[in-house]
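Got your viewer open? Let's walk through this one stop by stop, selecting as we go.

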Amino acid sequence: MLFNSLGFILFLGLVLFLYYTGILSWTNRKRMLLLASYLFYGLWNPPLVILLWISTIVDWTAGNKLAVEKNSGRRKLWLLLSMLTNLGFLAFFKYGNFLLENFTAGVNALGMTYEPQPMDIILPMGISFYTFQTMSYTIDMYYQRIKPARTFLDFALYVTFFPQLVAGPIVRAKDLISQFYDEKKATANQFMWGSFLLTIGLFQKVVLADTLLSGTADAVFGAAKVLNGLDAWIGTLAFSGQIFFDFAGYSTCAIGIALMLGIILPDNFKYPYAAIGFSDLWRRWHISLSTWLRDYLYIPLGGNKNGITRMYVALILTMLLGGLWHGAAWTFVVWGALHGLYLVIERFLRSKVRLKINPINGIFLALLTYACVNITWVFFRAREFETAINMISSMFFINNDGIKLLQYFDIFKVTVVISLLFICHYLMRNSSLKELSLKTPSWLFGVGWAIMLFLIAISQGSGQQFIYFQF
Amino acid sequence: MIIGITGALIGLVAWEIFWRSHDFVPDLDDDDDLWVIHRAAVEEANKDDMVIVGSSRAYFDLQLDKWEEETGRRPIQLAIEGSSPLYAFDDLVNNTDFNGTIVVGVTEGLFFSTLFPEAPPNEKVVNRLKYYEDRTYADRLNYTLSIPLQSSFAFISDVSGVDGIKLKALLDEIQVGQRVPNPMPPFHKFSEVDISRNLRMTTRTATDTAFAGTIKKVWLFFNQAGSQNIPEKEATTNFFVENVKKFKDRGGEVILVRCPSTGVLREHENQVFSRSEFWDPLVEKAEVPAYHFEDYATLSGFDCPEWSHLSAEDADIFTAALVRILIKDGFLSN
């Protein structure tokens, strides 16, 4: 179910009614939330709820065993069971065809003719999110960082909590399960702020991503022609805005909806396009994934404790796998590799050059970072390498005879939206929306809210899917 | 929060009044969701049912109310504007057990154009068939909830192009100079659809010749643009005939219908898609009943306001006349 749909408005209204009506005890409210979460997921494809159940049961069992098991060999086996189950789901459902294609290409390259039928596999929505979330529980249990969930209901709700089930934030057990132990009810302020965040999230998705930017990005990346440099840049900038508003919009909606229920989810984005450098970027973009990769991949790979070379290798490997997490295609691997390379170059430069950031060089470095991020977005968005290479060539003005595709107004529209996006991120980079709202007169806050609601309503349409659902 | 909700409501009321004052009325979108409901109905259809596939002429000119009035049964309308019927027919033959009657509207420029699934005449049909396979329970719920809203508010409209009034469509129509030439004339919406996919030409198209002229310009543009494409006559005919044979083998009936066109458009069709080279060989190879408007006095003599489709009133007359011929020939009963 999509947040930007009529069905979800009805669904959320019913959930809030049952949650606040007072007829259900806290345990029954949690049961209701769990059932609602399965319905939320099942309305997309009912049989795939079974995967959620399997993940839940396996990790609940593994977690309980890890809580009492002292034998290190057996502890490893329980962890392995959890990892194999979750990564097995990912490998089969998400990477099955990719692995088969590459196997076929490898075999054919060796001169053997092998043409298997492609596997007709449905990618379960949000599988990368909930498998990573539930794996974090068993890994933390293995390292004895957390205590086991008190009840199966609490754990099942942690795995399935509908606001963040299909596109994050990927929440750690210590941050969410314990919130289910005691009765939760949003205060009036929390409820209002949650509603406001839901509105902002929908505004980002429906108005900014789908209405103002997606058309230009789709036209440029779908052109199948070598483009003029300006068109290539505008299309890429449009996509950079689209993916931010789409994904940050989803996270903001998720945080807002949870808050309306009195549950606090962590921030997932902190004005990433104002990042100065790539370490800063990954502290601001998809924070819940980058911290997951840091804690469960980069640090176990050695992190920065085993010398510079090992650190660079760990960085590159982490980002390569981070790229692959996003999609089963080599273009995503290149996207991850570029980010890994950027991080390595940045660490190297930082060890050689001491630079004090001031407002002037800060904005220059933020713009440079944003420009480099845009290069990576080309590989993220392009479906084939040929498209990506053509786009990059055009962006570096190598294709002088590339065709013009966009009208002046498209260029103007994207330039204005992206410039405002960058300026807002830069001005807000050390602040927060909450702080800003507290400084804003209430009438102005209300007018801004009204304008957003109005624009969402007049932008309505077919309710486009969030980009990150496919991951 | 109160200011936000009140302000948004005031804005929306003003927005609705503004569009109504510009002659926009609440109506349904002729979209994928509406089409798949009717495609799903084929799964329940029986030997006595009729399904219509084709392009916009079969959609405008075959009026379901009139058909039902004459026969007591309402056909399932699956025709799609600007589309070839080949893939819709292929789907009915190969993906359903339906063995009733399929009326196939033939517009030569679309029917014989290409088999390439991603080409414009097939793309919309192929996408809708994919959506039919992929649609979720959430999609169904959303559409059910959207029907009363679409029927109540003029501003809720998913129409694109010059008559689109959602924010994206309004922005897309803004022109500040022209960096890339766009020779396509403005293409206005000139029909209304109901929940049963009964499509009727708007009164304005039938009565306002200047408005109808804007549609004629679009047909002239398509004629010009399509003149470089070579029809895949053999491939499309063979693809269709093979499916006809399969369908007849399981007891189904196929009826070909060529709906009226007039004026410069008909002249162009006669030059590029002459009857003797396209329609007649198709009828001969398919070996099914075929009704060309020029062969029957009661099916011809209409004046299509924009050369390609009948006005709502004429479509009623045409449908009644066609149904009576089909009854007389024993393909329908009343």
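How do H10(A) and H16(A) lie relative to each other: roughly parallel or roughly perpendicular? Before you click, note that this is a predicted model, where local features need pLDDT of at least 70, side-chain atom pairs count only at pLDDT 80 or more, and totals for chains, interfaces and linings use all residues. Residues are numbered from 1 along each chain as its sequence is written, while chains are lettered from A and ligands numbered from 1 in the order in which they are written.

**Stop 1: a helix crossing in chain A**

Select residues 229-260 of chain A for helix H10 and residues 385-395 for helix H16. Helices here are DSSP runs of H or I with at least four residues, strands are runs of E with at least two, and both are numbered from the N terminus. The two axes come within 7 Å and cross at roughly 115°; axes are lines fitted to C-alpha atoms, for helices over the stretch in contact, with angles from 0 to 180 degrees between N-to-C directions. H10(A) and H16(A) are therefore roughly perpendicular, the label for 65 to 115 degrees (under 35 is roughly parallel, over 145 roughly antiparallel, the rest oblique).

Now show A:Gly229, A:Ala232, A:Trp233 and A:Thr236 on H10(A), with A:Met391, A:Ser394 and A:Met395 on H16(A): they make the contact. Contact means C-beta atoms, placed from the backbone, within 7 Å.

Staying on helix H10 of chain A, pick A:Asp246. It counts as buried, with 25 C-beta neighbours inside 10 Å; the cut-offs are 20 or more other C-beta atoms within 10 Å for buried, 12 or fewer for exposed, and partly exposed in between.

Past H16, go to A:Phe397 in the loop that leads to helix H17 (408-428) of chain A. This residue has a positive phi of about 55° although it is not a glycine, and it is partly exposed, with 13 other C-beta atoms within 10 Å.

**Stop 2: the cores**

The largest nonpolar core has 137 residues, and A:Tyr158, A:Ala258, A:Leu259 and A:Tyr273 have the most contacts inside it. A nonpolar core is a set of buried Ala, Val, Leu, Ile, Met, Phe, Trp, Tyr and Cys residues joined through C-beta atoms within 7 Å. H10 of chain A supplies the largest share, 19 residues. Apart from this core lies another of 64 residues, B:Met50 and B:Leu299 among them.

**Stop 3: an enclosed helix**

Select residues 152-160 of chain A, helix H7; seven of its nine residues are buried, so it is largely enclosed by the rest of the structure. A:Tyr158 is one of those buried residues. The cover includes helices H2 (26-42), H3 (49-68), H6 (127-142) and H8 (173-176) of chain A.

**Stop 4: over to chain B**

Select helix H5 (residues 86-95) and helix H7 (residues 120-134) of chain B, which pack at about 30° with axes 8 Å apart. That makes H5(B) roughly parallel to H7(B). Among the residues in contact are B:Leu86 and B:Tyr87 of H5(B), and B:Val125 and B:Leu129 of H7(B).

Last pick: B:Arg197, in the loop between strand S4 (191-193) and strand S5 (199-201) of chain B. Its phi is near 60°, a positive value in a residue other than glycine, and B:Arg197 counts as buried, with 22 C-beta neighbours inside 10 Å.

Key. Two residues are in contact if their C-beta atoms, placed from the backbone, lie within 7 Å.
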